[in-house]
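Reader: Please take me through one part of this model at close range, and then follow the connections outward from there. I would like the cut-offs for your terms as they come up.

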Amino acid sequence: MAGCPCCPNTEEPKAVPLSPTNAVPALAPADQLWSTSRDQAVRLRMEGSGPASRTPLTIHQMFLGTLENYGDHSALAYKEEGQWVKLTYRQYYQQCRAAAKSFLKLGLERYHGVGILGFNAPEWFFSAIGCILAGVSFVGLATGIYTTNSPEACQYVAANCEANVLVVENQAQLDKILKVKDQLPHLKAIVQYKGSLKQKLPFLYTWEEFMKLGEEVSEEQLNAVIDSLQANECCSLIYTSGTTGNPKGVMLSHDNVTWTVQSALTMVNLKYAEEVVVSYLPLSHAAAQMFDMWMCICYAVTTYFAEPDALKGSLGTTLKEARPTCFLGVPRVWEKMQEKMKAVGAKASPMRKRVADWAKAIGLQYNYSAMNGENVVPWGFGLANSLVFTKVRAALGLDRCKICFTGAAPITKDTLDYFMSLNIPLMELYGMSESSGPHTVSCNEEYRITSCGKVMPGCKTKLDNPDKDGNGEICFWGRHVFMGYLNMPDKTMEAIDPEELIITAGGENIPPVPIEEALKAEVPIISNAMLLGDKLKFLSMLVTLKCVVNDNGEPTDKLSPEALDVCRQLGITATKVSEIIANMEPAVYNSIQEGMERVNARATSNAQKVQKFTILERDFSVSGGELGPTMKLRRPIVMKMYQEKINEMYAGAK
């Protein structure tokens, strides 16, 4: 059996003591769906039934399940002196634990980061997962850095995540960090995972030196850290490209990762311990992390690592040697394949060109028929398959490939048609870092050309403010939605849809804004309304009355002219909000109650009916803190401000 990268000639590894508890971890206490701080957990978007009710898992638990079932199956394959070396899942796990111990030994601090700067390699995986096993809630975050980043860009990311340790590929990447090291006050160590060090400094380690550091850390100590991991805390940071300013650190929780990969895989026909993929896309991207690392751990897939010059030409060689069973290519990869095949075809003899054109016409006809559910096999398809399609697949290294994906950027219909004509339909994916990678997935059994597929089970899509042509802003909901942007509350709030769902104690999802707006339309004396009911037995409402605003934009106690008109119609002489509340003015309270009953009559279930309300003494305002700069309701702040009144409404509720 092959050894590990740092000691390739070692004997069969001894059994690794596993974490003593295999129970589902408790979730960290959390009231909000969003966070911008590395030390805060979030409330998961769980539902009472269906895919979104799946039990939360940590990365370690997902890994452990595969390890126990497929420990001897090949996990990773990499080239060493021209030969493929393979590691089993048991060896893979052992290396991740060893890296975790070394991080602990280096003094990786709670909620700090480990930055990884280099091309895809086993050490990249060991560093990322080792950091996670060393305890997100205890020591750190696994952070990927683009290999093409300038020293300044690297400095920004490393400083933003307060990296204690940076893992770099080679001297070229090390040089970038050394240029900005003085601007990284939290940095304690740098580890180089390929090549020898050209200089010896106290904080520099080769990979071999690093992996030996943790030998004195006991298995029990690491297990204690692993047992503290909680699924609703951050395990990974993915930095956006920063095209509109500094990159934003997208915080993904354990549950974001484990739930998303399980949900996505229910849509494609992959089999445990039978699949092979090639890792070549930048692991700093959500797509590559999800496809190369998390999907593979979940389904015991074998990952082959491409050479660093993969996108400059060597990818084809790796594909032909690895022969993946599923493959993810960004549009540019498919376009390059298309260009290369067209260039080869242009040099073919007239006879070969005619055969190829005939076969591609049949291939396109067949695949459009399959796409439309007709499944009509045109005459000559079998011959075209043997003469052209199988040879093309073999030449590309895709002869075993059961499903080919494209994503991360738009792809042209011309390229999609070209590969369909060669009997290689490309399944489009759609999503973003903020959705842990995928949101929609296409599959061989059900796809449409130029469509991105169907929404993953347990997720929801809303088109916000559509125009006359039906074009609007796409909004996501689901357990794949990220925790927030690290240290960027303003940017996080910009990304949040104001119709953030309320999830009742019974597990029903209820968008608050339509109910709030409906009540305001029914009862003209109401200025603001905020629906309550998250994790509670029933829905209730906080309401404010329309009042006069002073020159500073602050609400006063005086009723507005519109509110006074309503009062006159109701036969009330009150002129102040405080008077209505002090007297529990029956006409006003009855008017609100009747309006609420009219709104309730339109509810589709009893869970969506509002049972109680309270009138607040003061209207919401920016200066008061209830509204943000754009007049968006700041629900968590209102909850804290009026917690006592909320408790009174729910006192005795069963």
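Author: R332 and E335 sit three residues apart in helix α11, which places about one helical turn between them; helices here are DSSP runs of H or I with at least four residues, strands are runs of E with at least two, and both are numbered from the N terminus. The two side chains form a salt bridge whose closest N and O atoms are 3.3 Å apart, the term meaning a side-chain nitrogen of Lys or Arg within 4 Å of a carboxyl oxygen of Asp or Glu. R332 is partly exposed, at a relative accessible area of 40%, where buried means under 20%, exposed over 50% and partly exposed in between, with a 1.4 Å probe and protein chains only.

The model is a predicted one, in which local features need pLDDT of at least 70 and side-chain atom pairs count only at pLDDT 80 or more, while totals for chains, interfaces and linings use all residues. Residues are numbered from 1 along each chain as its sequence is written, and side-chain values use heavy atoms, with hydrogens and water left out.

Helix α11 itself covers residues 331-346 and lies across β12, β13 and β14 (426-432), running at about 100° to β12; contact means heavy atoms within 4.5 Å, and the angles, on a scale from 0 to 180 degrees, are taken between N-to-C directions of axes fitted to C-alpha atoms, for helices over the stretch in contact. Helix α9 (residues 286-299) also lies across β12 and β13, together with β15 (437-441), and runs at about 165° to β12.

The strands beneath these helices belong to an open, mixed sheet of five, ordered β12-β13-β14-β15-β16, in which two strands count as paired if DSSP finds at least two bridges between them. Its edges are β12 (326-329) and β16 (454-455), each of which pairs on one side only. Strand β12 is joined to β13 (residues 403-406) by four bridges, and the two run parallel, with L328 standing opposite F405 of β13.

To set the pair in α11 beside others, the structure holds 24 salt bridges. One of them joins R90 to D72, at 2.5 Å from N to O; since R90 lies in helix α2 (residues 89-106) and D72 in the loop between α1 (59-70) and β1 (74-80), this pair ties together parts that are 18 residues apart in sequence. R90 is partly exposed, with a relative accessible area of 29%, and D72 is exposed, at 56%.

Another salt bridge links R635 and E516, with the closest N and O atoms 2.8 Å apart. R635 belongs to helix α20 (residues 635-641) and E516 to helix α16, so the pair ties together parts 119 residues apart in sequence. Both partners count as buried, R635 at 16% relative accessibility and E516 at 4%. Elsewhere, R97, K101 and E219 are joined into one network by salt bridges that share partners.

K248 offers a contrasting case, being buried yet without a salt bridge, and the nearest side chain of opposite charge, E434, is 5.4 Å away; for this purpose Lys and Arg count as positive and Asp and Glu as negative, with His and the chain ends not counted. K248 is found in the loop between β8 (234-239) and β9 (249-253), and, leaving aside residues up to four places away in sequence, it touches I238, Y239, T240, Y485, M488 and K491.

From E516 the path leads on through α16 (512-522), one of the elements against which the buried residues of helix α19 pack, the others being β22 (526-532), β23 (539-545), α18 (577-582) and β26 (610-615). Those buried residues of α19 include V588, Y589, I592 and M596.

Among these neighbours, β23 has seven of its seven residues buried, so it is largely enclosed by the rest of the structure. Its side chains L539, M541, V543 and L545 point one way, and S540, L542 and T544 the other way. Six bridges join β23 to β22 in an antiparallel pairing, where L531 stands opposite M541, and five bridges join β23 to β26 in a parallel one, where L539 stands opposite V610.
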